[in-house]
Amino acid sequence: MPQSDSPGPALRTVHIPPQKYECSQCGKTERLSLCICRELAYCSIACQRHHWKTIHKPSCTGKPDVIDLVSINPLFAMLVESCHLDAAKPVHPALNHTITNSPNPSIVADTLPNGAGNARLVVLGDSIPISHAEKCSEVWWPTASSAEVRYRLQHRIVREGYLLSILTALCVGVVSEIYTATNEGAASASGFPRRAMQLKYKTSPVVDFGIIKGKVEVLDHQKLAYYLDGDVIKGQDPNDHYWLYFTTFKGEEVFLDYGASTFTFTMNVETKDYRQPILPPVNYAPAYLRGRQHTQYTLNLYEPLRRFSFLRDDVLCPLVAQCVVRPPNPSSLLAIWKIMDCLAGRECTSTEKMLANQWATYHCHALRSILGDPQRSWTKWPETPRSSFQFGPEFDSGSWPADSDTAAWRQLEKLNQRYNRGEITKAAYAIERQAWSRARRPSDRNL
Ligand SMILES: [Zn+2]
Ligand SMILES: [Zn+2]
């Protein structure tokens, strides 16, 4: 149902897809057909005519442009990358200090000093210019077992922190630029004065999305911790993890995790078909889309603790859409920051909040220019961009099989069943899982 917000520099109207349909004129729930905008339904031509003339005509956006989550995932992944690579993100202490020990890959974790638990410990020494870490030079980490190992550790460290700010900014961007029709910009292809977009997953429209805070199961040696001037600084905490959820009209839930690459398992999506001057110049970006196949055939490592819907909160959704208008609407910013505090279960720092705001503006700008492209270049995005996985230098990497490759998925399902029934140990599971991965390693080792 469209919700008009207060008039501003640009009139922005949020279009929230219905979770169930009834005739917008008489309320009947049977034999319905949808309006071209897919937001309203009618039981008869008579009901549709009457409702159109009296109410719906000015707010109907015509046929929406629909983009599949799988197809837009690489774009989101690049937006996340742009935040990690942003000079505004505070420098990680492990990037402007030397590394004096040898945190080379091994499946045994270190026992942290001061009873701080177990993780891979990175001991930091003298402070150095960040350019050494940026170039992965030997000055930064002299005892790395190879240049590749050094690069991979740098890659993980660069992507630590500020996950909640990044995902909040991304959600603001999606509400503002995908679920908000505006009167500004290019006229829509349908000829209606406003343009509406929708996300879908396979055949079903997305009717809700937001952020989940929860835990992701990670082994001790996959976590990082730092030792600097007598203090232990914990790296990314798998018990304080955040990811996006998308729920479809049919009730299916898809997870999008852009934060797992700081642990040794990284899952990448190919982004070369999405290159734009406004985005970082990368061909791969970390992203894990846990969709239908993964839910059915792979182990679930995610434990959601709390969630916040950006689309279905009647009060906040229109405020979120106003967040990026200029000058910024103060009540919108406060609303966004309140969501962050709620999800985190603590008061977020002023840096986290400031970055969320700054990145939201950037994401909105990027999404508007890419999705509003009059050439509609987004229609040429691959339907299923290639995604690959990599379990760190100690393991082999490969590609996820195509959704249609049921034999490959079944193999994985059988392995998971044996593990779940307690027939094999976790170590045996890991060995067989590696063999499965190795069998589908891409021919070009591009990761
Ligand atoms: Zn009716
Ligand atoms: Zn309509």
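**Exercise 1. Strand S12**

Decide whether strand S12 is largely enclosed by the rest of the structure or open, and find its partners in this predicted model.

*Solution.*
Step 1. Apply the cut-off: a residue is buried if 20 or more other C-beta atoms lie within 10 Å of its own.
Step 2. Four of the five residues of S12 are buried, so the strand is largely enclosed by the rest of the structure.
Step 3. Look for one partner. Strand S8 (residues 118-127) runs parallel to S12, and four bridges join them. Across this pairing, Arg120 stands opposite Leu224 of S12.
Step 4. Look for another partner. Strand S13 (residues 231-234) pairs with S12 in the antiparallel sense, again over four bridges. Here Leu228 has Asp231 in S13 as its bridge partner.
Step 5. Check the link. S12 and S13 form a hairpin, with two residues between them. In the turn, Asp229 has a positive phi of about 50 degrees.

**Exercise 2. Helix H4**

Test the length of helix H4 (residues 147-158), then say which of its residues are buried and what covers them.

*Solution.*
Step 1. The expected span is 1.5 Å times one less than the number of residues.
Step 2. H4 has twelve residues, so it should span 16 Å. Its end C-alpha atoms are 16 Å apart, which agrees.
Step 3. List the buried residues: Val149, Arg150, Arg152, Leu153, Gln154, Arg156 and Ile157.
Step 4. Name the cover. It includes helix H3 (131-134) and strand S12 (224-228).

**Exercise 3. From H4 to H5**

Find where Tyr162 sits, then describe its phi and the helix H5.

*Solution.*
Step 1. Tyr162 is in the loop between H4 and helix H5 (163-177).
Step 2. Recall the background: most residues other than glycine have a negative phi.
Step 3. Tyr162 is not a glycine, yet its phi is positive, about 60 degrees.
Step 4. Count neighbours. Tyr162 has 22 C-beta neighbours inside 10 Å, so it counts as buried.
Step 5. Move on to H5. Its 15 residues reach 21 Å from first C-alpha to last, close to the 21 Å expected at 1.5 Å a residue.
Step 6. Check burial. In H5, 15 of the 15 residues are buried, so this helix is largely enclosed by the rest of the structure.

**Exercise 4. The annotated domain and Arg38**

Locate the MYND-type domain and examine Arg38.

*Solution.*
Step 1. An unreviewed UniProt entry places the feature "domain: MYND-type" at residues 23-60.
Step 2. That span is 32% helix and 11% strand, and its end C-alpha atoms lie 15 Å apart.
Step 3. Arg38 is in the loop between strand S3 (33-34) and strand S4 (41-42).
Step 4. Arg38 has a positive phi of about 65 degrees, although it is not a glycine.
Step 5. With 19 other C-beta atoms within 10 Å, Arg38 is partly exposed.

**Exercise 5. Helices H10 and H11**

How do the axes of helix H10 (residues 406-420) and helix H11 (residues 426-439) cross?

*Solution.*
Step 1. The two axes come within 11 Å and cross at roughly 180 degrees.
Step 2. That angle makes H10 roughly antiparallel to H11.
Step 3. Name the meeting residues. From H10 come Gln411, Leu412, Leu415 and Tyr419. From H11 come Tyr429, Glu432, Arg433 and Trp436.

**Exercise 6. The whole chain**

Give the overall counts for the protein chain.

*Solution.*
Step 1. The chain has eleven helices and 21 strands.
Step 2. Of its 447 residues, 37% count as buried.
Step 3. Take the contacts with a separation of 6 or more. Residues 24 or more positions apart account for 71% of these contacts.

Definitions and conventions: Residues numbered from 1 in each chain as written. Chains lettered and ligands numbered in written order. Predicted model: local features only at pLDDT ≥ 70, side-chain atom pairs only at ≥ 80, totals over all residues. UniProt positions renumbered as here; feature names shortened; annotations may be inferred. Buried ≥ 20, exposed ≤ 12 C-beta atoms within 10 Å, placed from the backbone. Contact = placed C-beta atoms within 7 Å. Pairing = 2+ DSSP bridges. Axes fitted to C-alpha atoms, helices over the stretch in contact; angles between N-to-C directions. Parallel < 35°, antiparallel > 145°, perpendicular 65-115°, else oblique.
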